[in-house]
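The exercises below are meant to be worked with the model open beside the text. Please try each task before reading the solution that follows.

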Amino acid sequence: MNSMNWKIPLFRVHNDESDVNAVTKVITRGSHWADGPEIGEFEGHIAKFAGRKYAVTFNSGTSALHAVLLALDVKGGEVIVPSFTFPSTVNAVVLAGATPVFADIEKETFGLDVRDTEGKITNRTKAIVVVHYAGCGARDTKKLRELCDKRSLFLIEDAAESLGAEIHGKKIGTFGDAAMFSFCQNKIITTGEGGAIVTDDMVLHEKLKMLRSHGRASDKNYFETNEKAEYVELGYNYRMPTMCAALGIAQLKKIDMLIEKRQAIASMLNDELSKINGIRCPIPPTGFKHVYQLYTLILGSEYIRDELQRYLNKEGIMSKVYFSPVHLERFYSKYGYNKGDLPNTENVSGRVLSLPIYPDISQKEVSDIMIGIGVFFKNRKTKSDEIGV
């Protein structure tokens, strides 16, 4: 179905006059559309919000993850990653010159399972990338931090979906040596496209700034000086445009409200849908702050998941599978993985379905989703696969 025809889309971007004014201010001044003062200002706000000393913005979360892997010099080594993630997590490892090693997930929050991860460590392992799925911190994050400390490995948090989430009062993004946030259009706050790395490591921070801007050493604005620049690294053009940073500043001011709205919507869905036999709702573990970038159900089987998605399609309600296993994608077949290698990942991937959730969703739209799913289950004739959730 064409995206313009959905009665209820998977997401809509929240925006208001402050967003328009922030971008308009940059456009109308006629200068500093690149490398403007809003870049540093946004970075300062992100670092403070995330509870880290430094933040470096990029033109996407993927660019940010690629850059931090390069900066940590994983080339020639192995990086342990989940397969239950968006392909960019793993692509960044390959682009940085390392070999991805897939570890399985736990079934509570769908983060890396620390026991399986430890079993995948070799003398070539340089880093572990933990993905915080859908807006909830990975259950084994603290144990993964301890494992990395014990084995002298870097821990990188892929927190693309989880800006603002917490584990027992500690913010996601403060467990790793570095963490990546995404500001793509469907994330908690958005700059259209964009990302950032946060860290407490000043040396890493400086290296990231060079990598995102052609390996240039100078802190001077390239567009405002005629002095010759010195290029000391192989770098990329991964800079965030100034308009995006200005938009990010305006969006970040609203983040508490945006998260609270998502949590309120999720609470309504949880209360109603958890009454249905055959559905597991995304209720976080005790002490975990879930920001609900996605609202993902677990169904009893792949068959019923696909059947429900077809029904929602007919009703004009968009849903999506986040995520299919990366280790079974065609490109990654050359790494020697086969169906059955990651049982939890494959089981969960076959049963997940993400429903619409966004701050401005109406009460009627939420009701339509709940009523539609209720009708679907009430009218089903086969009940034998509504188990195991």
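The exercises deal in turn with aromatic rings, strands, pockets and unusual backbone geometry, and they rest on a predicted model.

**Exercise 1. Classify two aromatic pairs.**

Task: Determine how the rings of phenylalanine 84 and phenylalanine 110 are arranged, and then how those of phenylalanine 86 and phenylalanine 323 are arranged.

Solution. A pair of aromatic rings is described by the distance of the centres and the angle of the planes. A search of the whole structure finds 16 aromatic pairs. In one of them, phenylalanine 84 and phenylalanine 110 have centres 5.8 Å apart and planes at 70 degrees; since an angle over 60 degrees counts as edge-to-face, that is the class of this pair. The next step is to place the two residues along the chain: phenylalanine 84 belongs to the loop between strand S2 (78-82) and helix H4 (87-95), whereas phenylalanine 110 belongs to the loop between strand S3 (99-103) and helix H5 (114-119), so that the contact links distant parts of the chain, 26 residues apart. Both phenylalanine 84 and phenylalanine 110 are buried.

For the second pair, the centres of phenylalanine 86 and phenylalanine 323 lie 6.4 Å apart and the planes meet at 55 degrees, so this pair is tilted. Here the separation is 237 residues, with phenylalanine 86 in the loop between S2 and H4 and phenylalanine 323 in the loop between helix H10 (302-314) and helix H11 (343-349). As to accessibility, phenylalanine 86 has a relative accessible area of 48% and is partly exposed, while phenylalanine 323, at 7%, is buried. Finally, ring pairs link these four phenylalanines with Tyr133 and Tyr322 into a cluster.

**Exercise 2. Describe the surroundings of strand S9.**

Task: Establish whether the residues of strand S9 are buried or exposed, and identify the bridge partners of alanine 55 and methionine 180.

Solution. Begin with accessibility: five of the five residues of S9 (residues 195-199) are buried. Sorting them by face gives Gly195, Ile197 and Thr199 on one side and Ala196 and Val198 on the other, and both faces are covered. Then consider the neighbouring strands. Strand S1 (residues 54-58) pairs with S9 in the antiparallel sense over five bridges, and within this pairing alanine 55 has valine 198 as its bridge partner. Strand S8 (residues 178-182) also runs antiparallel to S9, to which five bridges join it, and there methionine 180 stands opposite isoleucine 197.

**Exercise 3. Find the edges of an open sheet.**

Task: For the open sheet with the order S7-S6-S11, work out which strands stand at the edges.

Solution. The sheet has three strands and its pairing is antiparallel. Strand S7 (170-171) and strand S11 (288-289) each have a single partner strand, so one side of each has no neighbour in the sheet, and these two stand at the edges. The pairing of strand S6 (residues 166-167) with S7 takes two bridges, and isoleucine 167 is matched there with lysine 170. The charged end of lysine 170 also sits over the ring of phenylalanine 175, 5.1 Å from its centre.

**Exercise 4. Characterise the two pockets.**

Task: State the volume of the largest pocket and of the second largest pocket, and describe the lining of each.

Solution. The largest pocket has a volume of about 780 Å³. Its lining comprises 38 residues, and those closest to the centre are Phe86, Cys184, Asn186, Lys187 and Tyr322. By character, the lining divides into 17 nonpolar, 14 polar and seven charged residues; by element, H4 supplies the largest share, three residues.

The second largest pocket holds about 280 Å³ of space. Of its 17 lining residues, Asp35, Lys209, Arg212, Ser213 and Ser218 are the closest to the centre. Its lining divides into six nonpolar, three polar and eight charged residues, and the largest share, three residues, comes from helix H7 (residues 202-211).

**Exercise 5. Locate unusual backbone geometry.**

Task: Identify which residues a cis peptide bond joins, and give the location of aspartate 73 and histidine 214.

Solution. Most residues other than glycine have a negative phi, and most peptide bonds are trans. A cis peptide bond, with omega about 10 degrees, joins tyrosine 322 and phenylalanine 323. Aspartate 73 has a positive phi of about 55 degrees and lies in the loop between H3 and S2; its relative accessible area of 48% makes it partly exposed. Histidine 214 has a positive phi of about 65 degrees, lies in the loop between H7 and helix H8 (242-252), and counts as partly exposed at 33% relative accessibility.

Conventions: Residues are numbered from 1 along each chain as its sequence is written. This is a predicted model: local features need pLDDT of at least 70, side-chain atom pairs count only at pLDDT 80 or more; totals for chains, interfaces and linings use all residues. Side-chain values use heavy atoms; hydrogens and water are left out. Rings of Phe, Tyr and Trp (its six-membered ring) pair if their centres lie within 6.5 Å; planes under 30 degrees apart count as stacked, over 60 as edge-to-face and the rest as tilted. Helices (H or I, at least four residues) and strands (E, at least two) are DSSP runs, numbered from the N terminus. Buried means under 20% relative accessible area, exposed over 50%, partly exposed in between (1.4 Å probe, protein chains only). A charge sits over a ring if NZ of Lys or CZ of Arg is within 6 Å of the ring centre and within 35 degrees of the ring normal. Two strands pair if DSSP finds at least two bridges between them. On a 1 Å grid over the protein atoms alone, a cavity is a set of points where a 1.4 Å probe fits but cannot get out, and a pocket is an open set with protein on both sides within 12 Å along at least five of seven lines; lining residues have an atom within 4 Å of a point. Grid points are joined across faces, edges and corners, and a volume is the space filled by probe spheres set on the points. Ala, Val, Leu, Ile, Met, Phe, Trp, Tyr, Cys and Pro count as nonpolar, Asp, Glu, Lys and Arg as charged, and the others, Gly among them, as polar.
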